[in-house]
Amino acid sequence: MPSPSPDSNKPPDTIQVGRQAIFDRDLNVFAYELLYRDAGGGCTITDGDHASCTTLLNAFMEIGLDRITGSHKAFINLTRHFFVDMPPMPFNQKQVVLEVLEDVEVDDALLQGIASMAAQGFELAMDDYSFQSQLAPILPLMRYIKVEVTPENIPQIARRMPELRATGAKLLAEKVETAAQYEELKALGFDYFQGYFFARPNLVQSNRVGEDSAKVVQLLARLNDPDVAMGEIVKLVSQDPGLSFKVLRYVNSAAVGLRARIESIQHAVILMGIAPIRAWATLFVMADLDSRPVEILNLGLLRANLCERLCRLHGAGCVPETAYTVGLLSVLDAVLSRPRDELLRELPLSDEIKQAISLREGRYGRLLGQALSLERNEWPQGIGANVTPSDVIEAYAASSQAAFSTMELLDDA
């Protein structure tokens, strides 16, 4: 995991937390691996120190595991110390999968500790397995084996699939970077997949996807045209029954927290202004496409909420709703399976928004860059001196929680 910048002044007991999705064979999210590091010391927490281990687990409790992973399992990397000395585990067995690191020293004490955790009902995973002979005694105790994938080692993996299957463990391919790798590993019989492949545009698409993409781009162009009058936006949303229903349902949800019930798009605009209605309508238009993994939209919502919260924390002169839209539209290429620059040419967005999405330039580009850094579990550059590490970590957790809440609303719509 990346290290924070050397000039960081974050306190040593601050834990920065991120995540990466793990998918099943149908590209539904099965779990998230938690990414974390000691935000003060500039290194990943892998020193085996008891205090660090306790700090880490307490941080997950304080932040709230469900805010980061929703209803999904959390895969957590743990050191040899945890399995040998077994400090108290503040999670129940159904919440977590405990990962054994690939460079662990294997001896009787470790094997006894792993067996004890398994006997307590915890599921265990072997991390970064690449057929290391010293790890063979561990494999029978594992529920999951995470096989590290590189472009060069897939032929070797194919040859050794019978050996992997003989362990009886579920097989998880990690560091999957392209759709082609995913398809090849799926054909080999892997059960789960982890990596950034799902968020990359897949430029091979059906005619239906192409038709839907064109309609979506046309609608997004009208919604986000800065020269379109407020009345036309109201009319555009109101005339689409499905879109109008979804926007009103969201406006009236607990997530927005209005006291009075909103009965029309016109009423919503009068009460809240056009910017949030424009942003939410953009969200629901993108959500209507079902040709890509839904996690892409969840990722876009995480970025959108994070850009908005970072804007409110330290983004002098920025508009929170615009920051939200920049974060959301940053995944549009993956949602529509089309090149980003081509899409941006078709959308009448302001030059500032286009430069933010394409080049990470300008005030909104800096916010998006900071959100992407947090997504990769890197400490963002340019955070104001008046913003504490706890503020940033809370912004990430709250953004993740807000994204899950919105996804639930989308599922129910």
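Me: What makes the lining of the largest cavity a mix of nonpolar, polar and charged residues?
Reply: In this predicted model, the residues lining that cavity divide into seven nonpolar, one polar and three charged. The lining consists of R19, Q20, A21, Y32, Y196, F198, E295, L299, L302, E375 and Y396. Tyr counts as nonpolar here, Arg and Glu as charged, so Y32, Y196 and Y396 go with the nonpolar residues, while R19, E295 and E375 are charged.

Me: Which elements supply at least two residues of that lining?
Reply: Those are β1 (15–23) and α13 (294–314).

Me: How much space lies in the largest cavity, and how many cavities are there of 30 Å³ or more?
Reply: About 140 Å³ lies in the largest cavity. The count of cavities of 30 Å³ or more comes to four.

Me: On to the strands. What makes β4 mostly covered?
Reply: A residue is buried when its relative accessible area is under 20%. In β4 (residues 96–100), five of five residues are buried. V96, L98 and V100 sit on one side, V97 and E99 on the other, and both faces are covered. That split fits a general pattern: in a regular strand, side chains alternate between the two faces of the sheet.

Me: How do you know that β4 pairs with β3 and β5?
Reply: Pairing takes at least two bridges. β3 (residues 73–78) and β4 have five, in the parallel sense, and β4 and β5 (residues 123–129) have four, also running parallel. So both count as pairs by that cut-off. Among the partners, F75 stands opposite V97, and E99 has A125 as its bridge partner in β5.

Me: Which helix joins β4 and β5 in a β-α-β unit, and what is its hand?
Reply: Helix α4 (residues 108–119) does, and the unit is right-handed.

Me: Why are C311 and C318 called a disulfide?
Reply: The cut-off is 2.5 Å between cysteine sulfur atoms, and theirs are 2.0 Å apart, so the pair qualifies. The count of disulfides comes to one.

Me: Why is this disulfide called right-handed?
Reply: Because the torsion about the S-S bond is about 120°. Both of its cysteines, C311 and C318, are buried.

Me: Why does C307 not form a bond with C311?
Reply: The sulfur of C307 lies 9.0 Å from that of C311, the closest cysteine sulfur, so the gap is too far for a bond.

Me: Is C307 buried or exposed?
Reply: Its relative accessibility is 1%. Since buried means under 20%, C307 counts as buried.

Definitions and conventions
Residues are numbered from 1 along each chain as its sequence is written. This is a predicted model: local features need pLDDT of at least 70, side-chain atom pairs count only at pLDDT 80 or more; totals for chains, interfaces and linings use all residues. Side-chain values use heavy atoms; hydrogens and water are left out. On a 1 Å grid over the protein atoms alone, a cavity is a set of points where a 1.4 Å probe fits but cannot get out, and a pocket is an open set with protein on both sides within 12 Å along at least five of seven lines; lining residues have an atom within 4 Å of a point. Grid points are joined across faces, edges and corners, and a volume is the space filled by probe spheres set on the points. Buried means under 20% relative accessible area, exposed over 50%, partly exposed in between (1.4 Å probe, protein chains only). A crossover is right-handed if, with the strands pointing away from the viewer, the path from the first strand over the helix to the second runs clockwise.
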